[in-house]
Amino acid sequence: MKRNLIILLLTVFALGEMAAKSDPPTTDTTSCEWQRWYYDAPEFFCECTYNSHTFVFPMDTVLSGSTWFTATVNDLKQGLAAYWFSSDPVTMEVYPLCVSQTPVITVTIGGNRMYEMDMTEINQKLDEMANMSYLQALTPHIHVYTAGTGRVFCYPYDQGPHSTCQDALEMRPGMTFVCNHEENVYRLDWRQISTRGRAILRWLHRPKGSKQTCQPAEVWITRDSCNGAEVARTTLTDSLHVYRLDSAMLVDARQAQTNLWVHVQHAAGFTGRLTYYNNPLVLDSLEAINQSICQGKTLTVNMRDYKADTTFVDTVWIGRDTLSTQAVTLRFTQPSEIKDTVYATSRQLSSGYLHTPTGYVLYEYGDTIIDIVKEKTCTKRYHVWVMQPTANEQIEDGAAARKQLLNGQLLIIVDDKRYNLLGQQVKH
């Protein structure tokens, strides 16, 4: 009785009193049929009011026909990741009240698909429900209906079932699996393998914030069982580069009616998504990329970084099960040499002579090439000659020597005496 009273009060507050459109039913005024007539509620009013199940995350249940759930606004604000295992589509509708004529959210999930709705999208829909102080007191109702029968998993956005060897989810073509656990394993039934032996795996991680980069995932495949022989392994680094499974391996597994097990592992603390596609379509090649930059800097092409000359044909993901190729040519120009001549005594070299422009310490005569590499900066290349002043060694080994240019002539000054490069004292 108390629940009926709350429904009536909320109905009056939200919709106002409405005139009856026909003669009232002969049932008691407390009956559901009489309430539906009085407030001109939709036909599902009684089923929604009295036959709703409680919606709780995470949910794992089998559905068929029409089913109603009662949720809370806080439940809905967590977003949604729904997995539907059935060849028939399923529709989910969210109503603010059982007297609401139309849903504020309608989602249809195709057969064997996963559907996501993040918190931002959900909150926008909730704002449309009511901009009133009693919004938190509402108990929204979810109507789920399908023509067939299927298993559904419902999780908050960015979460998914922990699929393990002991309870592995079946991998279906086109279904995306949210991987918020460090390791998941999925069973690929041989019936889900294309007869043409063509399939790809795509990994997606959405970085949060400008400083975060795409996190990779290690993927490997075993045959016959979760702990069977490993038949393939790869590292997926980004969402544009997919893993094209070996065709012979797939055809052999299908013909032998042997299941495959797809393992995915990544670092803790973030969420990724793995999708399996059959028979990918390869479109015409994209416009070729031909770029050049100085050595030391980095060129980023299709989410990958390059620091050396390379020429290759890249295969990139376009959308869903569609790929394309792209010719890539990258060149890194060599730095020009900065030449420098150094005059140092043997005593200076024995203890190490610091060449200030490069920051390197030199210990012997002769010439050497020094590359100064700094991140995001063109490399500088020094060609340094450390001259061996054979004549000057006889002057005063270890005396402080300085260089001086005088009238275009290079002189060595030792204790205020000037010498040319042959060690001859010069009078001035």
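A nonpolar patch joins nonpolar side chains within 5 Å, taken from residues with over 30% relative accessible area and no salt bridge. The exercises below use a predicted model.

**Exercise 1. Find the nonpolar surface patch that includes L281, and give its accessible area.**

Solution.
- Start at strand β17, residues 281-282, which holds L281.
- Check the exposure of L281. Its relative accessibility is 48%, so L281 counts as partly exposed. The patch cut-off is over 30%.
- Now list the members. L281, L283, L286 and I318 form the patch. Together they offer about 330 Å² of accessible area.

**Exercise 2. Work out the strand order of the open sheet that contains β9, and say which strands stand at its edges.**

Solution.
- The sheet has four strands, in the order β9-β16-β11-β14. The pairing is antiparallel.
- β9 (176-179) and β14 (243-244) each have a single partner strand, so one side of each lacks a neighbour in the sheet. These two are the edges.
- Look at one pairing in detail. β9 meets β16 (residues 272-278) over four bridges, in the antiparallel sense.
- Within that pairing, V178 stands opposite R273 of β16.

**Exercise 3. R273 forms a salt bridge: identify the partner, and state what the pair ties together.**

Solution.
- The partner is E116, with the closest N and O atoms 2.6 Å apart.
- R273 lies in β16 and E116 in β6 (residues 113-117), so the salt bridge ties together parts 157 residues apart in sequence.
- Add the exposure. R273 has 4% relative accessibility and therefore counts as buried. The cut-off for buried is under 20%.

**Exercise 4. Describe the surroundings of β12: its cover, its partner strands and the bridge partners of W220.**

Solution.
- Take cover first. β12 spans residues 217-223, and six of its seven residues are buried.
- Next, the partners. Six bridges join β12 to β13 (residues 230-236), and the two run antiparallel. Six bridges also join β12 to β15 (residues 260-265), again antiparallel.
- W220 has a bridge partner in each. In β13 the partner is R233. In β15 the partner is H263.
- Follow the chain from β12 to β13. The hairpin has six residues between the strands, and D224 takes a positive phi near 80 degrees.
- Finish with the side chains. E218 and R233 meet in a salt bridge at 3.3 Å, N to O. E218 is in β12 and R233 in β13, so the pair ties together parts 15 residues apart in sequence.
- E218, at 25% relative accessibility, counts as partly exposed. R233 is also partly exposed, with a relative accessible area of 42%.

**Exercise 5. In the salt bridge of R304 and D238, decide whether each residue is buried or partly exposed.**

Solution.
- The closest N and O atoms of the pair are 3.4 Å apart.
- R304 sits in β20 (residues 304-306) and D238 in the loop between β13 and β14, so the pair ties together parts 66 residues apart in sequence.
- R304 has 31% relative accessibility and counts as partly exposed. D238 is buried, with a relative accessible area of 3%.

**Exercise 6. Locate A168 and list its contacts beyond four places in sequence.**

Solution.
- A168 lies in the loop between β7 (141-155) and β8 (169-170).
- Beyond four places in sequence, A168 touches S163, V185, R187 and W261.
- A168 and W261 are 93 residues apart in sequence, yet their C-alpha atoms are 8.9 Å apart.
- Now follow R187. This residue belongs to a network of salt bridges with E170, R172, D189 and R191.

Technical notes. Residues are numbered from 1 along each chain as its sequence is written. This is a predicted model: local features need pLDDT of at least 70, side-chain atom pairs count only at pLDDT 80 or more; totals for chains, interfaces and linings use all residues. Side-chain values use heavy atoms; hydrogens and water are left out. Contact means heavy atoms within 4.5 Å. Patches are made of residues with over 30% relative accessible area and no salt bridge: like charges are joined within 9 Å, nonpolar side chains (Val, Leu, Ile, Met, Phe, Trp, Tyr) within 5 Å. Accessible areas come from the Shrake-Rupley method with a 1.4 Å probe; for residues, only the protein chains shown count as cover. A salt bridge is a side-chain nitrogen of Lys or Arg within 4 Å of a carboxyl oxygen of Asp or Glu. Buried means under 20% relative accessible area, exposed over 50%, partly exposed in between (1.4 Å probe, protein chains only). Two strands pair if DSSP finds at least two bridges between them.
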